[in-house]
Amino acid sequence: MNIRRVPFDHPDAVKLNDEVQAEYDVRYGDGGDATHLDPSDFAPPNGQYLIAYDENDVPVASGGWRSQDANDEGNLDGDAELKRMFVIEQVRGRGLARRILAALEDDARAAGRTRMVLETGTKQPEAVALYTSSGYEPCGKFGYYRFHEDSLCYAKPLRTS
């Protein structure tokens, strides 16, 4: 697998985003994640978006982070918010999400972010398993879905000092 940095509005990113949105709709029946995302959110040094490509140069997995600081949606100064982690069904179980997650954490840490945060949901047990096995712990709810009962929020410190 080849993991590349791409803009959030790159055609391959749009394709994978459409796929993850369709999966959210199947799981939650709500049309997908309504959180506003702008391509500039993922532009370095304030974010990054990655896509994994298979040996045939087909996009098969994605994920990104964007800077967040203290706001009225519950974020704290120094947060890096994980967004759009997704692996297509045909290649799940091969460690791609874990590789992308590690690369995103490293990049956010290098950019001076102090905590990686994410919001997932009760109908995404695979995501919860990935994050908890990667050192994420429940945290105060934040973001667009902070008042939704299916929302689960997790955080992991990026700096130990």
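A cavity, as I use the word here, is a set of grid points where a 1.4 Å probe fits but cannot get out. The model is a predicted one. With that definition, the largest cavity in this model has a volume of about 40 Å³. A search of the whole structure turns up one cavity of 30 Å³ or more. Its lining consists of Thr35, Glu81, Lys83, Glu119, Phe142, Gly143, Tyr144 and Tyr145.

Two of those lining residues, Glu81 and Lys83, take us to strand E4, residues 79–87. How many residues of E4 are buried? Nine of its nine residues are, and the strand is mostly covered.

Now the neighbours of E4. On one side is strand E3, residues 59–68, running antiparallel to E4 and joined to it by seven bridges. Within that pairing, Arg66 stands opposite Glu81. Strand E5, residues 115–121, runs parallel to E4, and three bridges join the two. There, Glu81 has Val117 as its bridge partner. The connection from E4 to E5 goes through helix H2, residues 96–110, and this β-α-β crossover is right-handed.

Next, the whole sheet. Seven strands make up an open sheet with mixed pairing, in the order E1-E2-E3-E4-E5-E7-E6. Strands E1 (2–5) and E6 (137–138) each have a single partner strand and stand at the edges, so one side of each is left without a neighbour in the sheet. Back in the interior, Ala80 of E4 stands opposite Met116 in E5. Helix H2 packs on the sheet, where it touches E1, E2, E3, E4, E5 and E7, and its direction makes about 30 degrees with that of E3. Helix H3, residues 125–133, lies across E4, E5 and E7, and runs at about 160 degrees to E5.

Helix H1, residues 11–28, includes Tyr28. What does Tyr28 contact beyond its neighbours within four places in sequence? The contacts are Gly121, Thr122, Lys123, Gln124 and Asp150. Tyr28 and Trp65 are 37 residues apart in sequence, and their C-alpha atoms are 23 Å apart in space. Glu23 is also in H1. Leaving out residues up to four places away, Glu23 touches Phe86 and Arg92. Along the chain, Glu23 and Glu126 are 103 residues apart, while their C-alpha atoms are separated by 13 Å.

Last, some backbone details. Pro44 and Pro45 are joined by a cis peptide bond, with omega about 5 degrees. Pro45 sits in the loop between H1 and E2.

Which residues other than glycine have a positive phi? Asp57 is one of them, with phi of about 65 degrees. Asp57 belongs to the loop between E2 and E3. Arg84 is another, with phi near 55 degrees, and Arg84 is found in strand E4.

Are these two buried or exposed? Buried means under 20% relative accessible area, and exposed means over 50%, with partly exposed in between. Asp57 is at 44% relative accessibility, so Asp57 counts as partly exposed. Arg84 is at 5%, and therefore counts as buried. The value for Arg84 fits the picture of E4 given earlier, where nine of nine residues are buried.

Note on methods: Residues are numbered from 1 along each chain as its sequence is written. This is a predicted model: local features need pLDDT of at least 70, side-chain atom pairs count only at pLDDT 80 or more; totals for chains, interfaces and linings use all residues. Side-chain values use heavy atoms; hydrogens and water are left out. Buried means under 20% relative accessible area, exposed over 50%, partly exposed in between (1.4 Å probe, protein chains only). Helices (H or I, at least four residues) and strands (E, at least two) are DSSP runs, numbered from the N terminus. Two strands pair if DSSP finds at least two bridges between them. A crossover is right-handed if, with the strands pointing away from the viewer, the path from the first strand over the helix to the second runs clockwise. Contact means heavy atoms within 4.5 Å. Axes are lines fitted to C-alpha atoms, for helices over the stretch in contact, and angles run from 0 to 180 degrees between N-to-C directions. On a 1 Å grid over the protein atoms alone, a cavity is a set of points where a 1.4 Å probe fits but cannot get out, and a pocket is an open set with protein on both sides within 12 Å along at least five of seven lines; lining residues have an atom within 4 Å of a point. Grid points are joined across faces, edges and corners, and a volume is the space filled by probe spheres set on the points.
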